[in-house]
Amino acid sequence: MWKKQLIVIVTFLSGLYFFLEFAVPPTIPWKTTSGVVVSKPGDKQLQINRVRKTASATITEQTIVKRVPSGGGTPEPVPSDAVKPGDRVVITTETGREISGIVMPRSSPRRIFVGTLTPNSEQVSIDANMLIRRLRSGGSAEEVKLDALEIPQNTSGSLDWINVGPTTYLSSYLTKVTDFFIVLGAMAWGMGLLSLWLVHSSNIRKRRPEWYTSVFFFIAVGFGIIAGLGFGRTSPGVKYTWDWWTYQINDVVFWQMIRPMGSTIFSLLTFYLASAAYRSFKAKSREAILMMLSALIVMLGQISLHMWITSASTWLLYIVNTAAIRGMMFGMMLGGIAVGLRMWLSLERGAFFDREL
Amino acid sequence: MDHANTQILIATFAVIAIILYKIFSARAGKNIYIRRIAGLNEIDEAVGRATEMGQPMLFHPGMLDFTQIGTLAALGVLGHVAKMGAKMGNRLIFVTQIPALVPVAEDIIRQAYVSEGRPELFNSEDVRFPAAASDQLALASIDIMHREKTASHFFFGGYDYTSLLLTEPGQHTGAIQIAGTDAYFQVPFFIASCDYTVICEELYAASAYLTREPTMLGSLIGQDYGKIVVLIIIILGTLAITIGPDTLSYFDLFIGGPYK
């Protein structure tokens, strides 16, 4: 019983960590400064300027977005989704209106908000517990060190937009926590090998039919270990060391045996595809007839038989198929949350716990 | 790792709240209706058929890691299949390419056989890790199908291109095959080569459907309410894009959230 209670506690705590790491901002919100970096007055100091919103532009196919390079210069056309907060842009809307300014974090791929530098700037001291997060295009932020920030000579070009503040420490432990999975995975390999050992040694001991293939298994494991030792020993100079022969075995095992055998297995798929397709194309039900017809249209669409077949094929592949897949994806995401929640709170029954705890 | 913006945080809490509310109302004894999922209903029949023929069953939990939802859902189905197998007195062979699953599956199957009072039917050698690569495992599975003459095959979890390599030989040997996957590109292959296919989120619903525990069924209903919310947002988005790009851009900001 104590084992199950322990599993419940560990599952809950680890789930709580990952949930909090996702939900809690990486820096304390009320102590975080957000703005563009304009200068670096000291080794551990940053001058951050605030930006005031002045305009916004709807992004359509006709909109032209040009970005001013860092330090100033001639604006260059860029895709609208490539701009990031802090970039200085010149946007020509579909009506011909020209808007210029610094891209603000409120922007989205369909509407870009721009602003101008305000006289309000703040000097921030970067201590050991301060986290600097630079905003990227696409909506996310990356953690950067002070040295990685681009400090402009002048503020007429694109700038770095950062959020800087005291860390909440949750994200700092993420690597260590995920490393734990790697350790568990490594232990699992040992268990896998043990399982193989048990099966094959028992085959040999009990002289089961074709037991000699199990002997071959142990020989193959031995060769595999030696071949693994020779991995990557191809650089000049290594050739004449005493263990050069391990590379030769590596070459034989991985490149001359496993690879062609893998290709052989893969080629089996062709025949299986043919037999599965033959069965699927039997018009047994209404659904099967629909599947058969749509497959026929898609196949004929690939050979450019007629314009309307190609259009119908494209429509089936990119409109109908995408709609169906997105429907599935929505369901799966919600299903994922439900399963995750059941696991996290140890409400899952059946395989994991046969009764409520 | 990316952090939640305000919209995502609200949406996550809303979905969690709906699911928890439904779980607790189900535990309070509220009647719950869930639609029939043919593939899951036929599991018992497949176990029964293998037992009648006096031949073992084969269970495959997909290609994905233990931390993936699809694999966890597959283990839920494994528990049910093992329990049914133990009840009917049949043997279950489990094959995987994920070494971490070996002790977990062993524990689940042993627990199922013990709880049905048939511990002698459990053999740890039936939980096998024949290879670490999916194509090699497919070949090993084909070998088991022919050698052990397995009569029922269960493929649940996340799959890659080897889905057809795994299932087509079963069609040739005449085994009854039930598959369920959240890898939607593999669904057509399973439909073509298996007798019953459980599609995408139905896999996640499998353990709830099979155990019929009110707690689990409640979470399914909560999940369906979440779908209604998503549907409303899709309709609003469709209306926004129909009205014009300007409306859509504001809708996008409201739903998708700004850069952060």
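# Two sheets and a helical interface

Strand 3 (residues 64–68) of chain A runs antiparallel to strand 5 of chain A, and five bridges join the two. This pair belongs to a predicted model, in which chain A and chain B each contribute a sheet and also touch one another. The report takes the sheet of chain A, then the sheet of chain B, then the helices and the interface.

## The sheet of chain A

Where does strand 3 end up in the whole sheet? Chain A has an open sheet of 10 strands, arranged in the order 4-3-5-6-7-2-1-10-8-9, with antiparallel pairing. Strand 4 (76–77) and strand 9 (141–144) of chain A each have a single partner strand and stand at the edges, so one side of each is left without a neighbour in the sheet.

The pairings at the strand 4 end can be followed residue by residue. Strand 4 of chain A pairs with strand 3 of chain A in the antiparallel sense, over two bridges. Here Lys66(A) stands opposite Pro77(A) of strand 4 of chain A. Toward strand 5 of chain A, Val68(A) has Arg88(A) as its bridge partner. Strand 5 (residues 88–92) of chain A in turn pairs with strand 6 (residues 98–103) of chain A, again antiparallel, over five bridges. In that pairing, Val89(A) is matched with Gly101(A) of strand 6 of chain A. In a regular strand, side chains alternate between the two faces of the sheet.

## The sheet of chain B

In chain B, six strands form an open sheet in the order 3-2-1-4-5-6, and the pairing is parallel. The edges are held by strand 3 (127–128) and strand 6 (196–199) of chain B; each has a single partner strand, so one side of each is left without a neighbour in the sheet. Within this sheet, strand 4 (residues 152–157) and strand 5 (residues 176–181) of chain B run parallel and are joined by six bridges. One of the matched pairs is Phe154(B) with Ile178(B) of strand 5 of chain B.

Confidence in chain B varies by element. Its mean pLDDT is 87, with 98% of its residues at 70 or more. Within the chain, strand 1 (residues 57–60) of chain B has the highest confidence, at 96, while helix 10 (residues 245–256) of chain B has the lowest, at a mean of 75.

## Helix packing and the interface

Two packed helices are described by the angle between their axes and the distance between the axes. The table lists three pairs.

| Helix pair | Axis distance | Angle |
|---|---|---|
| Helix 1 and helix 9 of chain B | within 7 Å | roughly 145 degrees |
| Helix 4 of chain A and helix 5 of chain B | 10 Å | about 65 degrees |
| Helix 1 of chain A and helix 1 of chain B | within 11 Å | roughly 145 degrees |

Inside chain B, helix 1 passes helix 9 in a right-handed crossing. Contacting residues include Ile18(B) and Arg27(B) in helix 1 of chain B, and Gly218(B) and Tyr225(B) in helix 9 of chain B. The residues of this contact divide into eight nonpolar, five polar and two charged.

Between the chains, helix 4 of chain A and helix 5 of chain B cross in a left-handed sense. Ile258(A), Gly262(A), Ile265(A), Leu268(A) and Tyr272(A) meet Asp135(B), Gln136(B), Leu139(B) and Ile142(B) there. Six of these residues are nonpolar, two polar and one charged.

Helix 1 of chain B also meets helix 1 of chain A. Phe19(A), Phe22(A) and Ala23(A) make this contact with Ile8(B), Leu9(B), Thr12(B), Phe13(B) and Ile16(B). The residues are seven nonpolar, one polar and no charged.

How many residues does each chain bring to the whole contact? Chain A gives 83 residues and chain B gives 78 residues. About 7000 Å² is buried between chain A and chain B, and carbon and sulfur atoms give 69% of it. Phe22(A), Tyr272(A) and Leu334(A) supply 9% of the area that chain A buries against chain B, more than any other three residues.

Notes: Residues numbered from 1 in each chain as written. Chains lettered and ligands numbered in written order. Predicted model: local features only at pLDDT ≥ 70, side-chain atom pairs only at ≥ 80, totals over all residues. Heavy atoms only, no water. Pairing = 2+ DSSP bridges. Helix = DSSP H or I, 4+ residues; strand = E, 2+ residues; numbered from the N terminus. pLDDT = per-residue confidence, 0-100. Axes fitted to C-alpha atoms, helices over the stretch in contact; angles between N-to-C directions. Left-handed = near helix turned anticlockwise from the far one by under 90°. Contact = heavy atoms within 4.5 Å. Nonpolar A, V, L, I, M, F, W, Y, C, P; charged D, E, K, R; others polar. Buried area = accessible area lost by both parts, 1.4 Å probe.
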